[in-house]
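Student: I've got a new model open and I'd like to talk it through with you. Can we take it piece by piece?

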Amino acid sequence: MAFRLTGGTKDYIVIGSDSGRIVILEYIPAKNILEKVHQETFGKSGCRRIVPGQYLAIDPKGRAVMIGAIEKQKLVYILNRDAEARLTISSPLEAHKSNTLVYHMVGVDVGFENPMFACLEIDYEEADSDPTGEAAQKTQQTLTFYELDLGLNHVVRKYSEPLEEHANFLITVPGGNDGPSGVLICSENYLTYKNLGDQHDIRCPIPRRRNDLDDPERGMIFVCSATHKTKSMFFFLAQTEQGDIFKITIETDEDMVTEIKLKYFDTVPVATSMCVLKTGFLFVACEFGNHYLYQIAHLGDEDDEPEFSSAMPLEEGDTFFFAPRPLRNLVLVDELDSLSPILACQVADLTGEDTPQVYLACGRGPRSSLRALRHGLEVAEMAVSELPGSPNAVWTVRRHKDESAFGHDYDSYIIVSFVNATLVLSIGETVEEVTDSGFLGTTPTLSCHALGSDALVQVYPDGIRHIRSDKRVNEWKAPGKKSIVKCAVNQRQVVIALTGGELVYFEMDPTGQLNEYTERKKLSSDVSCMALGSVATGEQRAWFLAVGLSDNTVRIISLDPADCLSPRSMQALPASPESLCIVDQPFESGAKSALHLNIGLSNGVLLRTTLDSVSGDLADTRTRYLGSRPVKLFKVRVQSTEAVLAVSSRTWLGYQYQNRFHLTPLSYECLEYAAGFSSEQCTEGIVAISSNTLRILALEKLGAVFNQNFVPLEYTPRKFLINGETNHIIILETDHNSYTEEMKKQRRVQMAQEMREAAAGGGPEEQQLANEMADAFLSDVLPENVFSSPKAGAGMWASQIRVVDMSTGQPNTLCKLPLEQNEAAVSLCLLRWAAHGEHGITHLVVGVAKDMILSPRSCTEGSLHVYKIYNTGKLELVHKTPIDEYPGALAAFNGRLVAGVGRMLRLYDIGRRKLLRKCENRHIPNLVADLKTTRQRIFVSDVQESIFCVKYKKRENQLIIFADDTNPRWITNTCILDYDTVAMSDKFGNVAIMRLPQSVSDDVDEDPTGNKALWDRGLLNGASQKGDMVANFHVGETVTSLQRATLIPGGSEALLYATLSGSLGVLLPFTSREDHDFFQHLEMHMRSENPPLCGRDHLSFRSYYYPVKNVIDGDLCEQFNSLEPAKQKAIAGDLERTPAEVSKKLEDIRTRYAF
């Protein structure tokens, strides 16, 4: 939470976490970091019931903070400032009360009286000691006020009163000079205002939607709120669990509150928290899915929406009704992509673009989606126009350095060069061809640039053309039979290479004339590319020229008048250089900027080398494979600094953004040549040519690693598969507490009928009105992805199977197959039945549970549906097989189906009328949660007892458990790494790898006769053989998916995981001992030099449930680049390296496996 000391000008952030410490952070804008101001330890680490950290409440004047646990403990810290105006924090004051559970806690606004905190509590002492359970029914929640007496320096429990309804959160009402103080209590169906003293309670029912399909008996609660306060007024926005926002205002009469008014404001997706910004925006942090930023266009005072008030007379138990509608007061301005929650994930290249895409099933209910993530920046196409022929190059130049009203230098011309001509286009409102620009149009162009403040230069094979601002033209002709092969130009210098490797250098003198330097330089072999850096502000010239030669070297040549054209340094290359580009960019570590020489090679590799700005030495080369074509480099501007566009079989952009260097591909078709582009409509764009078209592109979401396109879904996606033959994706969507489309239609018709019947006894006008209302109700269906779907009640399920084609540009749904009401599709697999021989077609098997109850888990019956799959994506039901339990997992196993039916493992084969049970194993303890098969082995995951390794014995037709794990684990997903090794993830955020030792044999006999002695049976109540834990790591978020995948073309395999909170991560295998030692030492130094902000110990966090083993935290190591230079130097010194070498090592291991 944020707080500000009285009279202060900046906020601090106070954090309650599982570290057992209270931490106060301050934001340092200059460094763009959060700095720890205070860290006070008060308890043990970990999520515990009685250690504070769960709740935080701030005194609105910033004088004290209360931090509370779910049970018993509350601590109050007093905040103040010392003589140097630094923040100070007192030792904690206790406000404990045993046998008490806390639901919510806020600071009450009392102006400058003693700070006061309000808590929602419940005392369970009686309920605990009463075995009949009656006391538990009677126990009421209480609202308790705690006062911090600043004079006596302790906390008193000032006042406590029981509440009628069960409340879920509190809202502070502004006090002091701004308002009446007190709190609003949000409880089931009611909103109540309470304050100390002689104020009586004011309550108002929470309005409901008119004609809602929800169960009318269901309670309605507010889930989050935001307060907006100005000098003259204040209001609250509170959101119900259906997403409707109400504007709440309070009427007062001389400090006494007389009524609460509610008015329907708008409906947005359900949020966990909302924030009204001073600038008139509302940020909605959604519970699931993308987050939104809205502009508050109207405060909803003038509209015809009815206002509800606590003063309106209502029967007890009645409420007000309103009609939800599309946005009226809010305008959507921006959205922040969030993948949370990821329920399933697959990596595949369905579109055939050589870099695989990551497909994710995300979201919940009607707001869920299937997303395809591509590695690359999103590109917006501003314009595309055809050209008369195939161009081979394009540039942009600006005519005048206008000191215009905006001070922007926009480009004036786009110059396009063809094989035998040059086309000049002027940039204005539109782009059109001009002939009076002074450029020579009858020849191809090698390069052009603005020279000085108002002149232009064009270099073509026979010479150089210098066009002055008054259209005068100076020409320099190439001597004799020679022609210009390559050139490099910047604002003040021109360097050309003639045939035979001769360099000629020109520099602009103060009068604006181009002067040739007297000597020319002969090089040992042909020039294949050249580059000049830009002239820095306040300098006369760029000091170095980079020349790439056909003997696979790059040379740096000095342009200093003292030793002009003398060589300074050279670097040998692995292949011939295709193009060069010198840009001024900061280092990775965010240190001061430096010149970087980018070298594009003919084999598709980009080298980035630091060029020393004094000596011209080349050092610290980074390599990156970009694609299969030779790399051409172009200078563009991003975020008003220089960036490099590298064009190969994909186009890449190397740019600096938020103190980090990014090298990211553009998600766009192949380009051939490009240049920076700046106009009023698009200040930082790119103009490029692709075959015979000219394109103007803009980059929008800088800093993003992925761009995504998605298919909206109707229910929560649970699992999905990719059918490798057709590249179609098959998704299971299942929602609890939900109606199927068919059922919704029936409910609507039934409710419309009831409306008509209710008016049947009245007059004709009343009947006509009722008919109109009923028809309107049937026709106006609000989109559920905004207005949420109706809640049907527990045990009601809606489900469907959907087939999607994502391989084309526009993803589309090929087939939707809804299941009956209360049937839940829970598992699926694809297989070819061995019984059908090799001509059998692929079948889809779906496990369905009927009338499922989640806790304790049960279903009236299960069934296995078998579908035939056609190439069009259509599914045809073959037959359904009833089973007696919940079908938790399915997998293909050598042309048969292995299924987890409740806690039984079964093998099925295909029959004419249903599936035929071949064999089963009943020794899995609880419930089969996941199945993976390889050759003759099946790795079976139990929902809470980790993994069992099962072997199928063909001769005896038995499934035999031959090994298991020693630890209980609540498995969510597994992934087979090789025949003996399996990776697994569990509910509590751990990833582990289990390997069966060499000594384990899967040739064990079950003992059918039972004559073995009891003590021979097994080990630790399980199988007689155990797997070894090779690695253990606590990710900290529930991992829902694990997959082995190659993420980049030519990269090595890595283990990709996806988590419930929407993050993707990769575990990389070390291939050398030396790398492992290096990173282990780096991690050790980072732990001590850069401990986590919230005060948690890094080692103990990564070992939350099991000690961390054989896994190095790459996220921590990568923070090395954001440390301050002095720390970097110290750590690198201990590792006997330079900071540049450490950051190169980090980049290398990252780009070898992933992005």
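Student: What does UniProt list for residues 2–336?
Tutor: Keep in mind that this is a predicted model. The name comes from an unreviewed UniProt entry, and an annotation of that sort may be inferred rather than shown by experiment. For residues 2–336 the entry gives "domain: RSE1/DDB1/CPSF1 first beta-propeller".

Student: How far apart are the end C-alpha atoms of that span, residues 2–336, and what is its helix and strand content?
Tutor: In the model, helix covers 3% of residues 2–336 and strand covers 51%. As for the two ends, their C-alpha atoms lie apart by 22 Å.

Student: Where is F236 found, and is F236 buried or exposed?
Tutor: F236 is found in strand β20, which runs over residues 234–240. Its relative accessibility is 0%, and under 20% counts as buried, so F236 is buried.

Student: How far apart are F236 and T172, in sequence and in space?
Tutor: Along the chain, 64 residues separate F236 and T172. In space, going C-alpha to C-alpha, the distance between them is 9.8 Å.

Student: On to charges: which residue forms a salt bridge with R218, and is that partner buried or exposed?
Tutor: Side chains of opposite charge can pair when their charged atoms come close. For R218, the closest N and O atoms of the bridge are 2.8 Å apart. R218 itself is partly exposed at 22% relative accessibility. The partner has a relative accessible area of 5%, which means it is buried, and its name is D214.

Student: What about K477: which residue does it bridge to, and how exposed are the two?
Tutor: K477 has a relative accessible area of 54%, and the cut-off for exposed is over 50%, so K477 is exposed. The closest N and O atoms of its salt bridge are 3.5 Å apart. The partner is partly exposed at 37% relative accessibility, and that residue is E475.

Student: Which residue pairs with E1053 in a salt bridge?
Tutor: Their closest N and O atoms are 2.8 Å apart. E1053 is partly exposed at 38%, and its partner is partly exposed at 35%. That partner is R1044.

Student: Which residues do shared salt-bridge partners join into one network, and how many salt bridges are there in the whole structure?
Tutor: Salt bridges that share partners link D884, R906, R917, E920 and R922 into one network. Searching the whole structure turns up a total of 64.

Student: How many aromatic pairs are there, and what is the geometry of W476 and F506?
Tutor: The structure holds 23 aromatic pairs. For W476 and F506, the ring centres are 5.1 Å apart and the planes make an angle of 80 degrees. Over 60 degrees counts as edge-to-face, so this pair is edge-to-face.

Student: Which strands does that pair link, and are W476 and F506 buried or exposed?
Tutor: W476 sits in strand β40 (residues 473–477) and F506 in strand β43 (residues 502–508), 30 residues apart, so to speak linking distant parts of the chain. Both W476 and F506 are buried.

Student: Which residues line the second largest cavity, and how do they divide by type?
Tutor: The structure has two cavities of 30 Å³ or more, and the second largest has a volume of about 30 Å³. Its lining is N723, T726, H728, I730, V803, I869, Y870, G873 and L875. By type they come out as five nonpolar, four polar and no charged.

Key
Residues numbered from 1 in each chain as written. Predicted model: local features only at pLDDT ≥ 70, side-chain atom pairs only at ≥ 80, totals over all residues. Heavy atoms only, no water. Salt bridge = Lys/Arg side-chain N within 4 Å of Asp/Glu carboxyl O. Buried < 20%, exposed > 50% of the residue type's maximum accessible area, 1.4 Å probe, protein only. Helix = DSSP H or I, 4+ residues; strand = E, 2+ residues; numbered from the N terminus. 1 Å grid on protein atoms, 1.4 Å probe; cavity = no way out; pocket = protein on both sides within 12 Å on 5 of 7 lines; lining within 4 Å. Points joined across faces, edges and corners; volume = space filled by probe spheres on them. Nonpolar A, V, L, I, M, F, W, Y, C, P; charged D, E, K, R; others polar. Phe/Tyr/Trp six-rings, centres within 6.5 Å; stacked < 30°, edge-to-face > 60°.
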